[in-house]
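Me: I have a model open and would like to go through the terms used for it. Please set each value against the rule behind the word.

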Amino acid sequence: MQGSFSEIVLGFLLLACVANVGRCELFTSMAHLQTALYAERDIAVTLKNYVENEEERLRQIKRLAEDLETHSVKALENPDYYLANPVNAFLFVKRFTLDWSKNVDNLLKNDSSETMRRYVDYYRQDLPSYEDLQGSAAALMRLQDTYKLDTSKIAQGDLGGVQSTQLTAIDCFELGKLTYNSEDFYHTSLWMEHALEKLATQENKQNESDLRAEMLDYMAFSEYRKGNIKTALVFTEELLTLEPNHERASNNKRYYEKMLKDKEASEQPRGEEGTTFDMDPVQHEYRRSYEFQNYEALCRGESIMEIKDVHKLACRYHTRNNPLLILMPAKEEDVFLDPWIVMYHDVMSDSEINAIKSIATPKLNRATVQNAKTGELEVATYRISKSAWLKHDEHPVVARINARMEAITGLSMETAEELQVANYGLGGHYEPHFDFARREEKDAFKSLGTGNRIATFLFYMSDVEAGGATVFPYIGVKLFPKKGTAAFWYNLYKNGEGIYNTRHAACPVLVGTKWVSNKWIHERGQEFRRPCGLYKEN
């Protein structure tokens, strides 16, 4: 039985050598992160089987020990008499030679822990890594900032009204340490402070003093890095009441006192003593920008500006006299008029969605962005998702979806990019960006030879419980995902200039799973379908 188990493990390990592709960065895709749940289940089954096998092996060893003990006790009552019998002597020798090698040797050597460990290691390939841990912590901080979530509410499991698992004091402490390691001292202070509060109220007081001291140490240095020297001194003094011989804290105390005495702040003061950056200054300035403020407000569902000409917005059925739409006209809803943004309802069925997801899931890889300077594709922290590209002839469903887009838009799909399918991960988002290439990005789509991206067609393939909207920060438009709907807009005016108000973003997914697919339609092939113009016309 153990031999067959080993063979299975070796088979799995061989498969792992060739199949372990795209398993990294689980946090960037919910579809891949779900595989970790199945891996967890399989590890549990493996461990239980191991325990059951080991319990049976130990029962047999126990019976062997009892048999040896019984035999030795009886033989030792009169060893000379016992061994004087040649049959007894033969059986005694046989017991520790032939019988031992046939039965006992295998029983004692057949420890399956190594086999079990290899089996578990195979499944661990589908489990989160430390990179995923760092990514998931960053995602929580992103969600906290974007949706203005109170630290205590997150810890209580309240994510914008959606209940989840509560965090312990240790969980909050570990989150604080992860943000500290990323030099995100703003969030370090928030989470260490809450960890201290939870620690004071928890029933288990074991190691409380040591934990409290460690938390205070992190708090003090984070406040120092933020420029709050007085606060850093307060936490340091509290730490020294718990550990009077803490050498680093004693040195820091003298240093902070000297700084205050000389009325000197750290490089740039902050908080009650001024303002300093706890992140890269460029990034800090961007987060304070008009665009980013609008982006986050729209993500929260706020109305930041009046929608122009709202009275002119309308819904309609339209067919473009296309045979594909005669019996099932497109349900078109105006969202914004300039630039023209529309929603199409019921344009992708559940069966089509399931087929697309099924084809795309094995191909999902970390989504990339194009470097404006080099033209190279690269991963970026401002785009957290995994994507796959599906060719027109890959599956009849893909071809059908492409034909439907062509019928609805009246644009040719011959020069369009492949259908991109994206699955967003923990706090998955894509910060404000353009779909088209600007004048300075001359080589952006040069290799395609199809011109710029004239339009975008975006399918929503899942409902999202909270968050995940598509927002346009400069016109105040927000589109919340609804399964089976799609959004469409032109990226270029008829004269070929970019429509800058189409700058948009994918908000972080707060709760739920977000699947989308999109088609970027290019200029070539549209000459007679959307003729060029001299002016900025939609």
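**Cavity, pocket and packing terms**

Reply: This is a predicted model. It holds one cavity of 30 Å³ or more.

Me: What volume does the largest cavity have, and what makes it a cavity?

Reply: The volume of the largest cavity is about 200 Å³. It is called a cavity because a 1.4 Å probe fits there but cannot get out. The lining has 18 residues, and Tyr424, Tyr430, His433, Leu458 and His504 are the closest to the centre.

Me: Which strands each supply at least two residues of the lining of the largest cavity?

Reply: Strands E10 (419-424), E11 (430-433), E12 (453-460), E17 (504-506) and E19 (515-522) do so. By class, the lining of this cavity has nine nonpolar, six polar and three charged residues.

Me: Why is the other space called a pocket, and what is the volume of the second largest pocket?

Reply: A pocket is an open set of points with protein on both sides within 12 Å along at least five of seven lines, so the word separates it from a cavity, where the probe cannot get out. The second largest pocket has a volume of about 830 Å³. Its lining counts 27 residues, and those nearest the centre are Ser136, Leu140, Leu159, Leu167 and Leu426.

Me: Which elements give two or more residues to the lining of the second largest pocket?

Reply: They are helix H2 (30-75), helix H7 (130-146), helix H9 (169-181) and strand E18 (509-511). H7 gives the largest share of this lining, with six residues. Divided by class, the lining of the second largest pocket has 17 nonpolar, eight polar and two charged residues.

Me: Why is H12 called roughly antiparallel to H13?

Reply: The axes of helix H12 (residues 229-242) and helix H13 (residues 247-261) cross at roughly 150° and come within 9 Å. Angles over 145 degrees count as roughly antiparallel, so H12 is roughly antiparallel to H13. Their crossing is left-handed. On the H12 side the contact includes Ile229, Leu233 and Leu240, and on the H13 side it includes Ala249, Tyr256 and Leu260. Nine nonpolar, three polar and four charged residues make up this contact.

Me: What makes H17 oblique to H18?

Reply: Helix H17 (residues 350-360) and helix H18 (residues 396-409) pack at an angle of about 120°, with their axes 10 Å apart. Roughly perpendicular covers 65 to 115 degrees and roughly antiparallel starts over 145, so the angle falls among the rest and H17 is oblique to H18. H17 passes H18 in a left-handed crossing. Glu352, Ala355, Ile356 and Ile359 of H17 make the contact with Val397, Val398, Arg400, Ile401 and Arg404 of H18. The residues of this contact divide into six nonpolar, no polar and three charged.

Me: How do you know that the peptide bond from Asp338 to Pro339 is cis or trans?

Reply: Omega of that bond is near 5°, and the bond is cis. Pro339 is found in the loop between strand E4 (330-337) and strand E5 (340-345). Most peptide bonds are trans.

Me: What is the phi of Glu183, and where is Glu183 found?

Reply: Phi of Glu183 is near 60°, a positive value in a residue other than glycine. Most residues other than glycine have a negative phi. Glu183 is found in the loop between H9 and helix H10 (185-201).

Terms used
Residues are numbered from 1 along each chain as its sequence is written. This is a predicted model: local features need pLDDT of at least 70, side-chain atom pairs count only at pLDDT 80 or more; totals for chains, interfaces and linings use all residues. Side-chain values use heavy atoms; hydrogens and water are left out. On a 1 Å grid over the protein atoms alone, a cavity is a set of points where a 1.4 Å probe fits but cannot get out, and a pocket is an open set with protein on both sides within 12 Å along at least five of seven lines; lining residues have an atom within 4 Å of a point. Grid points are joined across faces, edges and corners, and a volume is the space filled by probe spheres set on the points. Helices (H or I, at least four residues) and strands (E, at least two) are DSSP runs, numbered from the N terminus. Ala, Val, Leu, Ile, Met, Phe, Trp, Tyr, Cys and Pro count as nonpolar, Asp, Glu, Lys and Arg as charged, and the others, Gly among them, as polar. Axes are lines fitted to C-alpha atoms, for helices over the stretch in contact, and angles run from 0 to 180 degrees between N-to-C directions. Angles under 35 degrees count as roughly parallel, over 145 as roughly antiparallel, 65 to 115 as roughly perpendicular and the rest as oblique. A crossing is left-handed if the near helix is turned anticlockwise from the far one by less than a right angle, and right-handed if clockwise. Contact means heavy atoms within 4.5 Å.
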